[in-house]
Each structure stands twice: as structure tokens, then as C-alpha cells.
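Visitor: I am new to this structure and should like to understand the terms used to describe it. May I put some questions on how each description is justified?

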Amino acid sequence: MSFPKGFLWGGAVAANQCEGAWLEDGKGPNVSDILVGIMSKEPGLRWDEDTGKYEMALDPDKVYLSHEGIDFYHRYREDLELMAGMGFNCFRTSFAWGRIFPNGDEEMPNEKGLAFYDKLIDTMLELGLEPVITLSHYETPLHLLTEYGGWSDHRLIGFWKRYVTTVFERYKGRVKYWLTFNEVNNLLKNPLVAGGILARDPADKEDPIGSTTEKEKWQGYYNILVANAWTVELCQKIDPQAKVGCMMTASSVATYPYNCDPDNVMGAYESVRMANFYFADPFCLGIIPGYVKRIWREQGCTPVMDEEEIRLIRDYPVSYLAFSYYRSSTYEKGYALRGDTGGLLGKENPYLTGCSPKPWCWPIDPEGLRYVLNVYHDRYHLPLFIVENGIGLDEAPDAEGKIRDPFRMGYVEAHLKYVHEAILDGVEVMGYLYWGPIDVVSAGTGEMKKRYGFVYVDRHNDGSGTLERKIKDSYHRYKEIIESNGEVLLTQQMS
Ligand code: BGP
């Protein structure tokens with residue numbers, strides 16, 4: 001009664017939310033750098049009539065906390081030591097593509113960017129942390145968007161291949177687990193950040209996101225499928241011991257019909273397909289599904305495709321499926337589903353009793369994680385890796401300087417118990433990585449106030465703070481769970 005031997009325990013962050021140093025050592029800006037939170041509809045872009053392109057134009061009245069992040073770029077050793085202190089055997093972060101290829105389309109990489117990741121990977125290995133590296137976590141270089149329109153341009157595939165070839169060769173034998181595009185199945189909802197797509201000929205110059213056409217989105221979708229397949233192919237050639245996985249936001253898989261009205265049952269299923277499987281199917285099964293082709297036919301937005309590339313997609317599926325899970329949703333016809341970084345949100349589920357505190361109010365559904373694991377297992381028969389799960393709370397040290405967060409541990413423990421149930425169901429689960437084991441800048445809202453960490457960072461929404469790190473109570477409990485390979489949870493459950 002414990003978790004499998006070799007289970008990967010740890011946590012996950014992303015370069016754009018923690019590194020800071022946004023233009024240091026030659027790094028070019030990423031798409032996340034021009035937004036205060038990826039849910040923002042106001043990217044720091046201005047249309048230039050002369051060039052007929054967008055250019056970066058940050059809003060001087062906004063605080064872009066991600067530009068300094070938590071200064072992980074300079075404090076990575078201290079932070080990784082804190083992670084190792086919890087017993088982590090694994091740590092997920094991303095490479096900022098723009099640190100290695102500042103504009104994205106250069107012939108040669110930026111040596112200083114690579115030198116940083118050399119130190120980072122070596123430190124992880126020295127501390128016993130297996131690196132899990134996301135190649136693109138909402139981090140498409142801005143130049144690729146303004147100059148090419150991003151992933152809707154086929155040339156991006158070539159730039160991507162150069163980038164992944166560079167890092168596969170450099171980190172051969174040192175990085176075993178790669179992930180391609182973070183939560184890329186948000187592409188239809190968030191083409192700019194999740195899809196890395198910018199309108200070329202915007203109907204409304206002030207609204208580049210809303211102006212992205214269906215054709216651009218689906219062309220971007222197709223090009224990303226090809227790039228993903230190339231990644232698997234290149235990895236097999238350059239470092240056959242390493243594995244490439246895809247990364248999905250899987251909260252949307254747990255979209256339950258609100259009741260047994262067949263319209264709600266079918267509607268829920270269709271919404272899961274169009275929020276999730278439309279990417280996971282080609283990534284894991286190598287096929288472009290019929291329900292996607294139907295949309296192309298009916299909406300006249302079939303992308304330009306190539307037979308060789310279709311074969312590549314078929315022949316190079318991923319080796320494992322990694323995903324984030326935060327919450328579940330319901331589907332009722334006529335009730336519009338909203339979406340944010342936590343997944344979809346429909347009508348309130350009366351059977352769920354908890355949610356995260358205001359203003360975020362993300363419903364809590366630990367059993368949904370068992371459901372997602374089983375659905376994926378039954379559909380793809382691939383190893384599954386939970387690479388994000390966690391809860392954001394507004395916290396500050398109390399009078400004694402302590403940060404007491406039993407609510408967080410309740411959340412983690414409840415989810416882990418259902419992970420274990422899924423393992424008993426026969427699902428192959430590679431590991432569990434808690435999202436944001438150290439406070440980072442929120443992806444969705446760009447704030448510091450929404451804290452996920454087992455480690456507190458003294459930085460605030462207005463940009464003030466000493467950046468000092470402080471251990472929260474949950475740090476000790478997560479450590480206990482890891483040290484016992486989950487046994488402490490399960491024995492307590494039984495007694
Ligand atoms: C996921 C992202 C992460 C992360 C998390 C929590 O969608 O992959 O980058 O931040 O959501 O979201 P938020 O930071 O908005 O609370």
C-alpha cells in the first residue's frame with residue numbers, strides 16, 4: 001500500500017513565472033513578457049502603420065511582475081536546495097526559448113542563455129532532482145509573433161527544430177524527460193499565449209487576440225502537431241534514452257454533464273473533445289480526428305497540409321502524456337463555459353463542497369483527478385504524468401512569523417489519495433509534481449498574491465518585497481509524504 005517504486009515526486013514552475021531577468025544576458029522578450037497575466041486581453045503591442053506589423057509597447061502604468069519574477073535566475077541554487085530539502089527527486093521547469101534564441105529565428109544560439117541552463121541542470125542533478133523540461137511554457141519569442149504571426153506560419157517549424165536540436169544535443173544524457181508545449185490545448189481559447197499565434201491582418205488593430213482568424217488558429221494547430229512529431233523524431237535520433245511527452249491542461253477532461261439529459265451528456269463529451277482530445281489524440285495516437293476535420297469542412301478553415309508531415313504525425317507519437325489538473329466543471333446546454341488557467345468552468349456543481357478562496361474560487365474536486373487518469377489511460381494506454389496540481393492562497397506570515405497552511409495540505413492529500421486509487425485501478429502514473437512549490441508570479445493574473453508555494457517569497461503585487469524565502473508549514477508535511485513514498489497518507493486513511 002504505497003506508491004510505485006521510482007515514483008517521481010516533486011514540483012513544477014515555469015521560466016517566465018520565476019526566472020525574472022527578462023532581458024538579461026541577451027534574452028529576447030517572450031509573449032508572456034508583454035502581458036500582466038495570460039488571461040489579459042491587453043497585450044503590450046502597438047500596430048505600426050509603416051511596417052504593417054505589431055511591435056512591443058508596454059503599458060507604463062502596469063506592473064509586469066514577471067520581468068523580475070522571484071529572481072530565480074540568480075537564486076536558483078538556494079531554491080533548488082529548498083526543493084531537495086523536501087525530498088524531491090524531480091523538478092520541472094521550462095527553458096525560455098528566447099534566452100537561447102532571443103528572436104527565435106537566428107542561426108546560432110545565445111551562448112549565455114545556454115550557460116545559464118547548463119548551471120541549472122547541473123545543480124538539479126547534483127541535488128538529486130531529475131529535470132523535467134518544458135520546451136515552451138507560454139514562451140514563444142515575441143519576434144516570431146510580430147514578424148511571422150507565430151505558429152500559423154510554417155517557417156516556425158524550422159526555427160523550432162533548430163531550438164530543440166540545440167538543446168537535445170547540449171543536454172543529451174542529462175535531461176531524461178522533455179515536454180513540448182505547455183497546455184497547448186488552450187490554443188482555441190487563448191491563441192496568443194497558448195497557441196503562439198498573432199493575427200497577421202487584424203480586423204481590429206486594437207484587438208490582436210480577438211482578430212485571430214479560425215484559419216490562422218487551425219493552421220497554427222497543424223504546424224504545432226508537425227513540430228511535436230519532429231521533436232519526438234529528433235529526440236529518438238539525438239538522445240534515444242530520453243523521452244518526449246506532451247502537456248495538456250486536463251481539468252477540462254473532467255467536464256461532467258449537469259444531468260442525464262442526452263443533450264448534456266453529448267454536449268459535455270463534445271466540449272471535452274474540443275478542449276482536450278483534439279490535441280491529445282494526434283499527439284498520442286498519431287491521427288487528426290474526424291471531429292476536427294468536420295469543423296474544417298464546415299467552417300472552411302482546412303489548413304495547408306503535406307502528406308510527408310501527416311506521416312510524421314502518425315509515426316512519431318509521444319512516449320507519455322503529462323498534464324495539469326486543478327478542478328472539474330459541469331456542462332449544461334445553453335450555459336456558456338468560461339475558461340482560465342484552471343480549465344473550464346460551467347454551472348456550479350452542487351455536489352462539490354469546497355473551493356479555493358475568493359477572488360479565485362476554483363472548485364475542488366480530488367476525485368476528478370482519478371476520473372481524468374482513468375479516461376486518459378483507457379483512451380491512450382500511455383504512462384501518465386501529473387505535472388501540475390495545487391492551490392493558490394493569499395498568505396502572509398503571522399505574528400510569530402509562521403505561515404500556516406493546513407488548507408493546502410488538505411488539498412494535496414485529498415488529490416494524492418485519488419491518484420493512489422487510480423494506480424490501484426491499473427493506471428500507470430509516473431509521478432506527481434505539485435504546481436508552484438515556491439511562490440511564483442501567477443500565470444493567469446500576473447499577480448504575486450496568489451501563492452501556491454510550500455516556500456513563501458516576500459514579493460508583492462506592487463513589486464515591493466525583499467525576495468526573502470520562508471518555509472511554510474506544508475513544507476514539512478509534503479516532505480513526510482515523499483519520504484514515506486506516500487505511505488503516511490495511506491496508513492492514516494486506513495486507520
Ligand atoms: C497552469 C499553467 C501554470 C500555472 C497554473 C496555475 O495553467 O501551466 O503556468 O500558473 O496554471 O495558474 P495561475 O497561476 O493562473 O493560478
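Guide: Let us start with a definition: helices and strands are DSSP runs, numbered from the N terminus, with at least four residues for a helix and at least two for a strand. With those names, C361 is placed in the loop between β12 and α11. Please keep in mind that this is a predicted model.

Visitor: Why is C361 called partly exposed?

Guide: The relative accessible area of C361 is 32%. Buried means under 20% and exposed means over 50%, with partly exposed in between. The value for C361 lies in between, and C361 is therefore called partly exposed.

Visitor: What is said of the phi of C361?

Guide: C361 is not a glycine, yet its phi is positive, at about 50 degrees. Most residues other than glycine have a negative phi, so a positive value deserves mention. D25 also is not a glycine and has a positive phi, of about 55 degrees. D25 belongs to the loop between α1 (15–18) and β2 (45–48). With a relative accessible area of 32%, D25 is partly exposed.

Visitor: What kind of peptide bond joins K358 and P359?

Guide: That bond is cis, with omega at about 0 degrees. Most peptide bonds are trans. P359 is located in the loop between β12 (343–345) and α11 (366–380).

Visitor: Why does N349 count as buried?

Guide: The relative accessibility of N349 is 14%. Buried means under 20%, so N349 meets the condition. N349 is also in the loop between β12 and α11. Between N349 and Y256 there is a separation of 93 residues in sequence, and their C-alpha atoms are 9.1 Å apart in space.

Visitor: How do you know that E19 makes a polar contact with R99?

Guide: The contact joins the two side chains at 2.8 Å. A polar contact is a pair of N or O atoms within 3.5 Å, one able to donate a hydrogen and the other to accept it, so the distance of 2.8 Å fits the rule. E19 is found in the loop between α1 and β2. E19 is buried, its relative accessible area being 1%.

Visitor: Which backbone oxygens does the side chain of R327 approach?

Guide: The side chain of R327 reaches the backbone oxygen of G343 at 2.9 Å. A polar atom of the R327 side chain lies 3.5 Å from the backbone oxygen of G342. R327 is in the loop between β9 (320–324) and β10 (329–331), and at 0% relative accessibility R327 counts as buried.

Visitor: What makes C284 count as buried?

Guide: C284 has a relative accessibility of 8%. The limit for buried is under 20%, and C284 therefore counts as buried. C284 is part of helix α8 (residues 262–285). C284 and W178 are 106 residues apart in sequence, with 15 Å between their C-alpha atoms.

Visitor: Where is W178 named among the aromatic residues?

Guide: W178 forms one aromatic cluster with Y73, Y76, F95, F116, Y117, F168 and Y171. Rings pair if their centres lie within 6.5 Å, and by this rule the count comes to 41 aromatic pairs.

Visitor: Why is the charged end of R379 said to sit over the ring of F277?

Guide: The charged end of R379 is 3.9 Å from the centre of the F277 ring. The rule asks for a distance within 6 Å and a position within 35 degrees of the ring normal; the distance is therefore inside the limit, and the charge is listed as sitting over the ring. The charged end of K347 likewise sits over the ring of Y258, 4.8 Å from its centre.

Visitor: Which residues come nearest to the ligand?

Guide: Q17, E183, T341, K450 and Y452 come nearest, of the 15 residues around the ligand. The shell divides into 6 nonpolar, 6 polar and 3 charged residues.

Visitor: How close to an oxygen atom of the ligand is the side chain of T341?

Guide: An N or O atom in the T341 side chain is 2.6 Å from an oxygen atom of the ligand. A polar backbone atom of G444 is 2.7 Å from an oxygen atom of the ligand. For a polar side-chain atom of N182, the distance to a ligand oxygen is 2.9 Å. The protein buries 99% of the 370 Å² that the ligand exposes when taken alone.

Terms used:
Residues are numbered from 1 along each chain as its sequence is written. This is a predicted model: local features need pLDDT of at least 70, side-chain atom pairs count only at pLDDT 80 or more; totals for chains, interfaces and linings use all residues. Side-chain values use heavy atoms; hydrogens and water are left out. A residue is near a molecule or strand if one of its heavy atoms lies within 4 Å of it. Accessible areas come from the Shrake-Rupley method with a 1.4 Å probe; for residues, only the protein chains shown count as cover. Ala, Val, Leu, Ile, Met, Phe, Trp, Tyr, Cys and Pro count as nonpolar, Asp, Glu, Lys and Arg as charged, and the others, Gly among them, as polar. Buried means under 20% relative accessible area, exposed over 50%, partly exposed in between (1.4 Å probe, protein chains only). Rings of Phe, Tyr and Trp (its six-membered ring) pair if their centres lie within 6.5 Å; planes under 30 degrees apart count as stacked, over 60 as edge-to-face and the rest as tilted.
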